[in-house]
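Good morning, colleagues. I would ask you to keep the structure open on your screens while I go through its architecture.

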Amino acid sequence: MSNSDLRPETVAAHALRAVDEATGAVVPPIYTSTTYARDENYKPKLKENYVRNGNPTLWQAEDTIAALEQGTGALLFASGMAAITTLTETIPHGAHVVAPDVMYYGTRDWLKRLETLGRISLTLFDPRRPGALAAALQKGRTDLVWIETPLNPTWDVIDIEAAATASHAAGAILAVDATATAAVTTRPLLLGADIVFHSATKYLNGHSDVLAGVLVTRELNQRWSDVAMLRTKMGSPLPPLESWLLMRGLRTVFVRFRQCSANALAIARHFEKHPKIERVLYPGLSSHPEHAVAARQMTDGYGGMMSILVKGSFDDAKRLCTRLKVIVPATSLGGVESLAEHRKSVEGPASPVPDNLVRLSIGIEHADDLIADLEQALSGL
Ligand SMILES: Cc1ncc(COP(=O)(O)O)c(C=O)c1O
């Protein structure tokens with residue numbers, strides 16, 4: 001059976017090939033060497049002979065992620081932001097970029113910086129307004145459409161297929177930040193996206209102990225060669241130890257993600273009509289404004305990410321986080337342990353995120369313990 005016949009759960013569990021051909025080891029080896037000897041004809045044994053250009057541990061992790069996303073190539077970086085900033089280096093000087101106005105604030109800040117420097121022109125669209133993405137495009141001028149779905153931290157859902165059609169009609173490529181869907185429930189490349197991005201720090205690794213980012217491409221083209229070249233020149237590949245740790249996490253991504261999804265759905269339903277909560281933002285709820293798109297596009301659960309709008313002020317929302325005893329008040333997401341964060345405190349006063357929003361990354365604990373923890377924290381507000 002070739003890898004292409006295998007289901008994604010099997011590909012992930014084996015990290016492509018569970019048994020090392022040289023030794024029979026069932027766990028992939030870690031190649032920590034920074035350099036590789038040449039043979040008697042002065043030829044390198046591998047396609048690369050210096051660690052910054054690539055190495056076998058990195059390649060195994062990359063090939064596994066490319067197979068999960070059904071892409072033709074993947075490149076791992078030392079962080080999610082390293083992947084994003086490398087991709088934006090490929091935008092021609094002065095070209096136009098389109099992105100949602102609510103999104104991971106690190107990406108938005110970076111795009112705004114490029115705009116301030118005169119490197120790009122930028123249009124931020126309202127993802128809740130139908131047709132806003134298409135209206136933001138400038139035919140022949142827009143180079144890159146960057147979307148995130150579901151959007152961090154409001155968890156609005158963007159229709160990838162529609163975004164791809166509109167982007168391509170304008171001559172732009174579509175890149176999708178799919179961090180919240182973990183290469184489990186949505187496959188953006190099959191819906192027409194050109195590039196998929198993950199902060200692999202989140203679900204792909206899943207244990208809050210590795211910083212990593214990945215880009216996956218639908219086509220091996222000039223832009224992709226440029227991204228690979230830039231990663232080497234800017235010096236940001238994921239090192240071997242981190243690549244190996246990421247692969248260890250990746251092997252359980254399906255079971256983790258499904259448990260996170262089941263827990264999150266139970267919590268969202270429990271708190272949807274809670275007297276101390278104004279709204280629960282979760283794409284799995286039928287009350288979510290883009291639930292129909294989510295149901296079509298998220299085929300294996302709605303993930304573990306949600307936000308709650310507490311009935312109260314900036315300070316009340318912040319106080320909720322400090323009152324939690326099981327859920328940890330910390331940033332980041334996609335780990336096995338549940339985390340809570342008051343986003344406005346992190347993003348600052350200029351952020352469009354509501355003052356009373358608390359972001360929850362739901363982990364794999366027992367859902368009843370998480371519900372009880374949120375109940376006791378809310379009771380003190
Ligand atoms: C949706 C999303 N995209 C990108 C990033 C940036 O990734 P990293 O922190 O791995 O650099 C994050 C980090 O929180 C994120 O949540």
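The protein is divided into two parts, domain 1 covering residues 3-250 and domain 2 covering residues 254-379. I should state at once that this is a predicted model. The centres of the two domains, taken over C-alpha atoms, are separated by 26 Å. Across the boundary, 26 residues of domain 1 are in contact with 32 residues of domain 2. On the side of domain 1 that touches domain 2, the residues divide into 12 nonpolar, 8 polar and 6 charged.

Let me turn to the overall dimensions. Along the principal axes, the C-alpha atoms fill a box of roughly 75 × 50 × 35 Å. How does the radius of gyration compare with that of a compact globule? For 381 residues, a compact globule would have a value near 21 Å, and the protein has 21 Å, so the two agree. Of the 381 residues, 49% count as buried. Considering contacts with a separation of 6 or more, 71% are accounted for by residues 24 or more positions apart. The secondary structure comes to 13 helices and 12 strands.

I now come to the ligand. Its surroundings consist of 14 residues, and the closest are Ser79, Gly80, Tyr104, Ser199 and Thr201. By class, this shell has 3 nonpolar, 9 polar and 2 charged residues. Which helices each supply at least two residues of the shell? They are helix H3, residues 80-88, and helix H4, residues 105-116.

Helix H3 deserves a closer look. Of its 9 residues, 7 are buried, and the helix is mostly covered. The buried residues of H3 are Gly80, Ala82, Ala83, Ile84, Thr85, Thr86 and Leu87. Gly80 thus appears twice in this account, as a buried residue of H3 and among the residues closest to the ligand. The cover over the buried residues of H3 includes helix H4 and helix H7 (222-234), together with strands E1, E5 (173-177), E6 (195-199) and E7 (213-217).

One of those covering strands, E6, is itself mostly covered, with 5 of its 5 residues buried. Both of its faces are covered: Ile195, Phe197 and Ser199 lie on one side, and Val196 and His198 lie on the other. As a general reminder, strands of a sheet pair through backbone hydrogen bonds, in either a parallel or an antiparallel sense. In this model, E5 and E6 run parallel and are joined by 3 bridges, with valine 176 standing opposite valine 196 in E6. The pairing of E6 with E7 is antiparallel and extends over 5 bridges. Within that pairing, serine 199 has glycine 213 in E7 as its bridge partner. Serine 199 is also among the residues closest to the ligand.

Next, helix H8, residues 240-250, which is mostly covered: 9 of its 11 residues are buried. Those buried residues are Pro240, Glu242, Ser243, Trp244, Leu245, Leu246, Met247, Gly249 and Leu250. Their cover includes helix H1 (8-14), helix H2 (56-69), strand E1 (73-77) and helix H9 (253-271). Arginine 248 is also found in helix H8. Why does arginine 248 count as partly exposed? The reason is that arginine 248 has 17 C-beta neighbours inside 10 Å, whereas a buried residue requires 20 or more. From C-alpha to C-alpha, arginine 248 is 41 Å from serine 313 in space, and the two are 65 residues apart in sequence.

A second partly exposed position is serine 33, found in the loop between H1 and H2. Serine 33 is assigned to that class because it has 14 C-beta neighbours inside 10 Å. Asparagine 49, 16 residues from serine 33 in sequence, is 9.7 Å away in space, C-alpha to C-alpha.

Finally, I draw your attention to an open sheet formed by 5 strands. The strand order is E8-E9-E12-E11-E10, and the pairing is mixed. Which strands are at the edges, pairing on one side only? They are strand E8, residues 277-281, and strand E10, residues 328-329. Strand E9, residues 305-310, and strand E12, residues 357-361, run antiparallel and are joined by 5 bridges. One specific pair is methionine 305 with serine 361, its bridge partner in E12.

That concludes my presentation.

Definitions and conventions. Residues are numbered from 1 along each chain as its sequence is written. This is a predicted model: local features need pLDDT of at least 70, side-chain atom pairs count only at pLDDT 80 or more; totals for chains, interfaces and linings use all residues. A residue is near a molecule or strand if its C-beta atom, placed from the backbone, lies within 6 Å of it. Helices (H or I, at least four residues) and strands (E, at least two) are DSSP runs, numbered from the N terminus. Ala, Val, Leu, Ile, Met, Phe, Trp, Tyr, Cys and Pro count as nonpolar, Asp, Glu, Lys and Arg as charged, and the others, Gly among them, as polar. Domain bounds come from an automatic or database domain assignment. Two residues are in contact if their C-beta atoms, placed from the backbone, lie within 7 Å. The radius of gyration is taken over C-alpha atoms; the globule rule is 2.2 Å times the number of residues to the power 0.38. A residue is buried if 20 or more other C-beta atoms lie within 10 Å of its own, exposed if 12 or fewer, and partly exposed in between; C-beta atoms are placed from the backbone. Two strands pair if DSSP finds at least two bridges between them.
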